[in-house]
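Got the viewer open? Let's take a short walk through this one, stop by stop, selecting a few things as we go.

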Amino acid sequence: MGFERVSRGELREHVVRSGIAGEVATPREGNLRHYGRMVAKDPGFQFGLRLRDWSFDETLAMMARLCGVNPNPGYTWGVDTIDPDLTLDALDAMGERIGAAAAERATVLLATGHPDTLLGVYRAIEDALRAAGCTVLTPAAGWSYEPPLWEPSRYREIAYASGVAALVGADGRWRHTHDPDPMRAALAELDGELPRLVVADHGWAGAAGEAGIETVGFADCNDPALFAGHDEGKIAVTVPLDDGLDPLVYQPLTAYLLQRARLA
């Protein structure tokens, strides 16, 4: 898929207008609830990372700094925000990491817990990396399991859209997940031949970062673990964005990212 070139200013306008950043649909009360669950070490909100002990106040301050949410602990209900400049800065950093892997013709692994919305972003990255000579790994295809109780269903299987890993249910439909176990299974099948770079989100990214792999990922403002992982040095780049929008709205962002990676 080809993309028109997008300037930083144009993308900034687009992410605010579309709700990728700026005032977002992810509600403040949900954000605060999720921060509390990460602080309590709820496994569904650790994303496979072995994080240090975080207080709630530390988590909110970190999310304000890295994501751009409202820093006021007294603001407990309503619209929350993602700073569009933080989104663009992180896209710049992600592009540099992807571009470096492309220049090395490195091995890469791509995976998403949001296939219904973000799969097109990952597929475009995959195509660009393959064209640059990279090897895209597809380990553990068909691996299946019963997820933990905090996941919403009892059967999941790793499937690939070309070279992008995600989970499907028993009906073959793509499924959302926070679970790190699929990435752990994929890395175990590689038997020590780990990828040079992982591009992922949710538990796919957290498990890769915890394994010591250079990992770049996307995260919403209600998913603090990858931002905490970045703050602790386990995740190389975490791009803040609303990850639940119509897939078409991410096309300008994808174009900009590939430009920054010198792949478009």
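Start by selecting Glu126. This residue is buried, with a relative accessible area of 0%. Keep in mind that you're looking at a predicted model.

**Stop 1: around Arg123**

With Glu126 still showing, add Arg123. The two side chains meet in a salt bridge, 2.8 Å from N to O. Both residues sit in helix H5, which covers residues 115–131, and they are three residues apart, about one turn of the helix. Is Arg123 as hidden from view as its partner? Color by accessibility and look: Arg123 comes out at 25% relative accessibility, so it counts as partly exposed.Now add Asp127. Its side chain meets that of Arg123 in a salt bridge, again with 2.8 Å from N to O. Asp127 and Arg123 are four residues apart in helix H5, about one turn of the helix. Asp127 has 35% relative accessibility and therefore counts as partly exposed.

**Stop 2: Asp171 and Arg175**

Next, select Asp171 and Arg175. They form a salt bridge in which the closest N and O atoms are 2.9 Å apart. Asp171, at 43% relative accessibility, counts as partly exposed.

How many salt bridges does the structure hold? The count is 20, so there are others to look for once the tour is done.

**Stop 3: where two helices cross**

Hide the side chains and show helix H4 (residues 84–103) together with helix H9 (residues 251–260). In general, two packed helices are described by the angle between their axes and the distance between the axes. Here the axes come within 7 Å and cross at roughly 50°, so H4 and H9 are oblique to each other. The crossing is right-handed.

Bring the side chains back for the contact itself. On the H4 side, select Leu88, Leu91, Asp92, Met94, Gly95, Glu96 and Ile98. On the H9 side, pick Leu253, Tyr256, Leu257 and Arg260. Color them by class and you'll find seven nonpolar, one polar and three charged residues in this contact.

**Stop 4: a salt-bridge network**

Keep Asp92 and Arg260 selected, since both take part in the contact between H4 and H9. Then add Arg8 and Asp89: these four residues are linked in a network of salt bridges. That's the last stop, so zoom out and wander as you like.

Definitions and conventions: Residues numbered from 1 in each chain as written. Predicted model: local features only at pLDDT ≥ 70, side-chain atom pairs only at ≥ 80, totals over all residues. Heavy atoms only, no water. Axes fitted to C-alpha atoms, helices over the stretch in contact; angles between N-to-C directions. Parallel < 35°, antiparallel > 145°, perpendicular 65-115°, else oblique. Left-handed = near helix turned anticlockwise from the far one by under 90°. Contact = heavy atoms within 4.5 Å. Nonpolar A, V, L, I, M, F, W, Y, C, P; charged D, E, K, R; others polar. Buried < 20%, exposed > 50% of the residue type's maximum accessible area, 1.4 Å probe, protein only.
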